[in-house]
Amino acid sequence: MRHLLSTKDLTRDAAIALLDTAEDMADVADREVKKLPTLRGKTVVNLFFEDSTRTRVSFEVAAKRLSADVITFSAKGSSVSKGESLKDTAQTLAAMGADAVVIRHSASGAPRVLADSGWIDAGIVNAGDGTHEHPTQALLDAFTIRKRLHGAASRGRDLDGVTVTIVGDILHSRVARSNLWLLTALGAHVNFVAPATLLPVSTEGWPVELSYDLDEAVDAGPDVIMMLRIQGERMNAAFFPNAREYSRQWGLDDERVARLPAASIVMHPGPMNRGLEISAGAADSPRSAVLEQVANGVSTRMAVLYHLLSGAVEL
Ligand code: NCD
């Protein structure tokens, strides 16, 4: 694996191999000394053109646990805010000897441009590009689901027959897209539930079932229900009447969460709008895996950096 740009590129076996490596990395996190020497001497650059807390910090911790040198650029406070182009930024990073570039950008396709450009000879990791993809989020979600379902017996397993219902602002969600490809490759069935205004214009050929009624979706008893953030910053029009109406129809509230089977897993990639797409009760319920998702993000990103940079088994 040279780059990680999309989960569409991952076969079932490659995905399982990455998740299994993440299991090994999670074991390291349980040790008193959480650090491996694997990437000593490598330089990982975090290039964040869009705001982020958990993804940026998670990649930083992951690179450090593997003993890489890590540099974080955010657009604010760098020459990007002076109008420097992606090309000039990439060439600067190349001149500094970056081995991997983790990039988040508001333009869908920016990581691909960087990977195909020839401006820089580093492994490129897509940390979220516009409304397109967020592959490491999907990997950490798949890891979290597998761990909840199979615990210590997770290694080597796929998600055959698992039902995952993804709810809310699908239209703007790179998390939904990356999860759809990855979870499907692993054998899961994915449903999207949203108001018609928040579904993509076309989902033709996508391996997904669409529906518009959250109550029906809850009563179907999915193994996993993944709530998405309403992405106000990407909305230039009114996609629903108002917040109250949205949470009444599309929010996972205390009453709906109580109707889910006890073993259902409630997920959210964060940051959560508590009271809008998810109630505090649902976010903090025993079904919620939100904090596991954050913790698993570190192990998963360690696995990705490891496969990209250590010259380990070809995926
Ligand atoms: C997601 C993102 O940035 O795409 N968050 C994240 O990576 N933790 C989802 C979101 O912003 O709603």
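This is a short talk on two sheets, the helices packed around them, and a few individual residues in a predicted model.

I'll start with the four-stranded sheet. The sheet is open, its strand order is E2-E1-E3-E4, and the pairing is parallel. Strand E2, residues 69-74, and strand E4 are the edge strands, each pairing on one side only. Between neighbouring strands the average turn is 15°, with direction ignored. Helix H11 packs on this sheet and touches E1, which is 43-48, along with E3 and E4. The direction of H11 makes about 150° with that of E4.

Now one pair within that sheet. Strand E3, residues 100-105, is joined to E4 by 5 bridges in the parallel sense. If you want a register mark, take Ile103, which stands opposite Asn126 in E4.

Next, the second sheet. Here there are 5 strands in the order E7-E6-E5-E8-E9, again an open sheet with parallel pairing. E7, at 208-211, and E9, at 265-267, are the edges; each has a single partner strand, so one side of each has no neighbour in the sheet. The average turn between neighbouring strands of this sheet is 20°, direction ignored.

Inside it, strand E5, residues 163-167, has 4 of its 5 residues buried. E5 runs parallel to E6, residues 189-193, and 5 bridges join them. Val167 is placed opposite Val193 in E6. On the other end of the strand order, E8, residues 224-227, pairs with E9 over 3 bridges, also in the parallel sense. There, Val224 has Ile265 of E9 as its bridge partner. Helix H5, residues 135-150, packs on this sheet and touches E5, E8 and E9. Its direction makes about 160° with that of E9.

On to the helix pairs. Two packed helices are described by the angle between their axes and the distance between the axes.

For H2, residues 54-65, and H11, residues 290-309, the angle is about 55° and the axes are 8 Å apart. H2 and H11 are therefore oblique to each other. The crossing of H2 past H11 is right-handed. On the H2 side the contact includes Arg54, Thr55, Ser58 and Phe59, and on the H11 side it includes Gly297, Arg301 and Leu305. Sorted by class, the H2 contact with H11 has 8 nonpolar, 3 polar and 3 charged residues.

For H1, residues 12-29, and H5, the angle is about 70° and the axes are 10 Å apart. That makes H1 and H5 roughly perpendicular to each other. Among the residues in contact are Leu19, Ala22 and Ala26 of H1, and Leu139, Phe143 and Arg146 of H5. This contact of H1 with H5 divides into 8 nonpolar, no polar and 4 charged residues.

Now for single residues. Which residues does Thr300 of H11 touch, leaving out those up to four places away in sequence? They are Ala22, Thr136, Leu139, Leu140 and Phe143. Thr300 is buried, with a relative accessible area of 3%. Its C-alpha atom is separated by 4.8 Å from that of Ala22, although the two residues are 278 apart along the chain.

His134 sits in the loop between E4, 123-129, and H5. This histidine is buried, with a relative accessible area of 3%. Not counting residues up to four places away in sequence, His134 touches Thr55, Arg104, Ala127, Gly128, Arg174, Val175, Ser178 and Arg301. Thr55 and Arg301 already came up in the contact of H2 with H11.

Last, two backbone points. Most residues other than glycine have a negative phi, and most peptide bonds are trans. Ser67 is not a glycine, yet its phi is positive, at about 70°. Ser67 lies in the loop between H2 and E2. Is Ser67 buried or exposed? The cut-off for buried is under 20% relative accessible area, and at 18% Ser67 is buried. The other point is the peptide bond joining Gly270 and Pro271, which is cis, with omega at about -5°. Pro271 is in the loop between E9 and helix H10, 280-283.

How values were computed:
Residues are numbered from 1 along each chain as its sequence is written. This is a predicted model: local features need pLDDT of at least 70, side-chain atom pairs count only at pLDDT 80 or more; totals for chains, interfaces and linings use all residues. Side-chain values use heavy atoms; hydrogens and water are left out. Axes are lines fitted to C-alpha atoms, for helices over the stretch in contact, and angles run from 0 to 180 degrees between N-to-C directions. Helices (H or I, at least four residues) and strands (E, at least two) are DSSP runs, numbered from the N terminus. Angles under 35 degrees count as roughly parallel, over 145 as roughly antiparallel, 65 to 115 as roughly perpendicular and the rest as oblique. A crossing is left-handed if the near helix is turned anticlockwise from the far one by less than a right angle, and right-handed if clockwise. Contact means heavy atoms within 4.5 Å. Ala, Val, Leu, Ile, Met, Phe, Trp, Tyr, Cys and Pro count as nonpolar, Asp, Glu, Lys and Arg as charged, and the others, Gly among them, as polar. Buried means under 20% relative accessible area, exposed over 50%, partly exposed in between (1.4 Å probe, protein chains only). Two strands pair if DSSP finds at least two bridges between them.
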